[in-house]
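Biologist: Hi, I have the sequence and the model open on my screen. Could you walk me through it, starting with the inside?

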Amino acid sequence: MTLAPEERLGQRQSDSWGEFMPTFSEVARDALNIAFEGLKKDLAPRADYCDLRDASFDDQTSIDYSNPRVQNLYLLRYLPAYLAEYTALYSMILHHNYISNPIRVLSIGCGCGLDCMGLMLCKDPATGRYLWEDPSRVIYHGVDITRWALGERFVDETFKIFLEDAGSWTPPAGALYN
């Protein structure tokens with residue numbers, strides 16, 4: 001599913017990615033708003049919220065990430081911190097030239113693609129341009145057994161999600177990762 005540019009996170013009105021330069025706060029704000037509105041919508045018709053009362057993300061085996069309410073609660077709790085950490089991490093990697101162009105990422109258990117969001121918010125030290133400005137420089141393959149609603153907002157020529165168990169997943173022919 002490919003979304004029109006105005007439907008993408010942090011997107012200002014624009015006809016193409018090239019005219020778009022999001023800030024960290026715009027992407028975080030938009031993603032949090034989507035999660036919050038989704039949670040409000042999911043909870044409004046319900047009389048009981050027992051499935052969220054005991055939600056703890058410390059014990060990964062007991063969480064049903066396919067539940068949209070759980071996804072939205074997770075994002076409201078963790079998105080700002082994880083997005084900041086991934087942006088800082090990728091900025092350091094790019095600054096020290098630890099990976100070459102194109103940037104080819106394999107993300108096992110990618111969830112909604114927070115790591116991809118963090119990467120795309122980085123500037124290329126060689127050009128000074130945000131990676132959002134030239135998404136062809138990034139190849140991102142995420143593998144997860146769960147479809148995340150927020151992740152689908154990014155599926156395009158740069159960001160591909162494979163809904164499979166990582167243990168049985170086979171990379172596309174010719175795929176190389178750095």
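Modeller: Gladly, and please keep in mind that this is a predicted model. The largest nonpolar core holds 32 residues, and the ones that touch the most other members are Leu75, Leu79, Ile103, Leu119 and Leu131.

Biologist: Which elements each supply at least two residues of this core?

Modeller: Helix 1, helix 3, strand 1, helix 4 (114-120) and strand 2 each do so, and helix 3 gives the most, with 7 residues.

Biologist: Why would nonpolar side chains be buried together?

Modeller: That is a general tendency of such side chains in soluble globular proteins.

Biologist: And what share of the protein chain counts as buried?

Modeller: Of its 178 residues, 44% are counted as buried, where buried stands for a relative accessible area under 20%.

Biologist: Let me step back a bit. How many helices and strands are there, and in what order do they run?

Modeller: The protein chain has 4 helices and 3 strands, and read from the N terminus the elements follow the pattern α-α-α-β-α-β-β.

Biologist: How do the strands pair in the sheet?

Modeller: They form an open sheet of 3 strands in the order 1-2-3, and the pairing is parallel. Strand 1 (103-108) and strand 3 (159-163) are the edge strands, each of them pairing on one side only, and from one strand to the next the twist averages 15°.

Biologist: How many bridges join strand 2 to strand 3?

Modeller: There are 5 bridges between strand 2, which covers residues 138-144, and strand 3, and these two strands run parallel. If you want a pair of residues to look for, His141 stands opposite Lys160 in strand 3.

Biologist: Changing topic, what is the volume of the second largest pocket?

Modeller: The volume of the second largest pocket comes to about 220 Å³.

Biologist: Which helices each supply at least two residues of its lining?

Modeller: Helix 1 (24-43) and helix 3 (68-95) each do, with helix 1 providing the largest share of the lining, 5 residues. The lining residues include Ile34, Glu37, Gly38, Lys41 and Asp42, along with Pro68, Gln71, Asn72 and Leu75, and among them are also Ala149, Leu150 and Arg153.

Biologist: I noticed Leu75 came up before. How does the lining of that pocket split by class?

Modeller: You are right that Leu75 is one of the core residues that touch the most other members, and it is also one of the residues lining the second largest pocket. By class, that lining has 5 nonpolar, 3 polar and 4 charged residues.

Definitions and conventions:
Residues numbered from 1 in each chain as written. Predicted model: local features only at pLDDT ≥ 70, side-chain atom pairs only at ≥ 80, totals over all residues. Heavy atoms only, no water. 1 Å grid on protein atoms, 1.4 Å probe; cavity = no way out; pocket = protein on both sides within 12 Å on 5 of 7 lines; lining within 4 Å. Points joined across faces, edges and corners; volume = space filled by probe spheres on them. Nonpolar A, V, L, I, M, F, W, Y, C, P; charged D, E, K, R; others polar. Pairing = 2+ DSSP bridges. Axes fitted to C-alpha atoms, helices over the stretch in contact; angles between N-to-C directions. Core = buried A, V, L, I, M, F, W, Y, C linked by side-chain atoms within 4.5 Å. Buried < 20%, exposed > 50% of the residue type's maximum accessible area, 1.4 Å probe, protein only.
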